[in-house]
Amino acid sequence: GTSRVTLYSAPGQSYQALIAGEKGVVPAVVEGQGAGSMQARVPAGTVVAVGDAAVFPGVDGGLVAKVLAVSAVPGESFKTLYLQLPVNLFELRYVYIQK
């Protein structure tokens, strides 16, 4: 048979997530940018670091992406997190689709 799926990182897709790091857990809306990339915006005072994990509640296994970069512009109210899936989508040969 066949299945049609949408990747978490597909453009236009957005999900509630928890960004988990050494300093605690921060809720965020993660938006797909395509090709395994995602981004989120959090308040400027939020402590987030490169390597923190993005976890989507309800997803088996938990980890969905990792923070690759944090962009904070002085004087702005929010900073942008750039996230990446933990695998290179273009190297996958098979995927497991769970009902």
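This is a short tour of selected residues and strands in a predicted model.

**Stop 1: the aromatic cluster**

Select Tyr 8, Tyr 15 and Phe 56, which form one aromatic cluster. The model has three aromatic pairs by the ring-centre rule. In one of them, the rings of Tyr 8 and Tyr 15 have centres 5.0 Å apart and planes at 80°, so this pair is edge-to-face. Planes over 60 degrees apart count as edge-to-face. Colour the two residues by accessibility: Tyr 8 is partly exposed at 31% relative accessibility, and Tyr 15 is partly exposed at 23%.

Now keep Tyr 15 and turn to its other partner. Tyr 15 and Phe 56 make a stacked pair, 5.5 Å centre to centre with 25° between the planes. This pair links distant parts of the chain, 41 residues apart. Tyr 15 belongs to strand S1 (residues 14-21), while Phe 56 sits in the loop between strand S4 (53-55) and strand S5 (63-71). Phe 56 is buried, because its relative accessible area of 3% falls under the 20% cut-off.

**Stop 2: strands S1, S2 and S3**

Switch to a cartoon view and select S1 together with strand S2 (residues 24-34). These two strands pair in the antiparallel sense over eight bridges. A hairpin of two residues joins S1 to S2. To find one position in the pairing, pick Ile 19, which stands opposite Val 26 in S2.

Next, add strand S3 (37-43). S2 and S3 also pair in the antiparallel sense, over four bridges. Here, Gly 32 stands opposite Met 38 in S3. These two strands form a hairpin with two residues between them.

Zoom in on the turn and select Ala 35, which lies in the loop between S2 and S3. What is the phi of Ala 35? It is positive, about 55°, although Ala 35 is not a glycine. Most residues other than glycine have a negative phi. With a relative accessible area of 49%, Ala 35 counts as partly exposed.

**Stop 3: Asp 52**

Select Asp 52 in the loop between S3 and S4. Which side chain of opposite charge is nearest to Asp 52? It is Lys 66, 8.2 Å away. Asp 52 is buried yet has no salt bridge; the cut-off for a salt bridge is 4 Å between a side-chain nitrogen of Lys or Arg and a carboxyl oxygen of Asp or Glu.

Show the backbone of Ala 49 as well: its nitrogen lies 2.9 Å from a polar atom of the Asp 52 side chain. Then display the contacts of Asp 52, leaving aside neighbours within four places in sequence. They are Ile 19, Ala 20, Gly 21, Glu 22, Ala 65, Lys 66 and Val 67. Ile 19 in this list is the residue seen at the previous stop opposite Val 26.

**Stop 4: Thr 80**

Finally, select Thr 80 in strand S6 (residues 78-84). Is Thr 80 buried or exposed? Thr 80 is buried, with a relative accessible area of 11%.

Add the side chain of Arg 41, with which the side chain of Thr 80 makes a polar contact at 3.4 Å. Arg 41 also appears among the contacts of Thr 80 once neighbours within four places in sequence are set aside. The others on that list are Gln 39, Ala 40, Ala 69, Val 70 and Ser 71.

Definitions and conventions. Residues numbered from 1 in each chain as written. Predicted model: local features only at pLDDT ≥ 70, side-chain atom pairs only at ≥ 80, totals over all residues. Heavy atoms only, no water. Phe/Tyr/Trp six-rings, centres within 6.5 Å; stacked < 30°, edge-to-face > 60°. Buried < 20%, exposed > 50% of the residue type's maximum accessible area, 1.4 Å probe, protein only. Lys, Arg positive; Asp, Glu negative; His and termini not counted. Polar contact = N/O pair within 3.5 Å; in protein donor to acceptor, adjacent residues only side chain to side chain. Contact = heavy atoms within 4.5 Å. Pairing = 2+ DSSP bridges.
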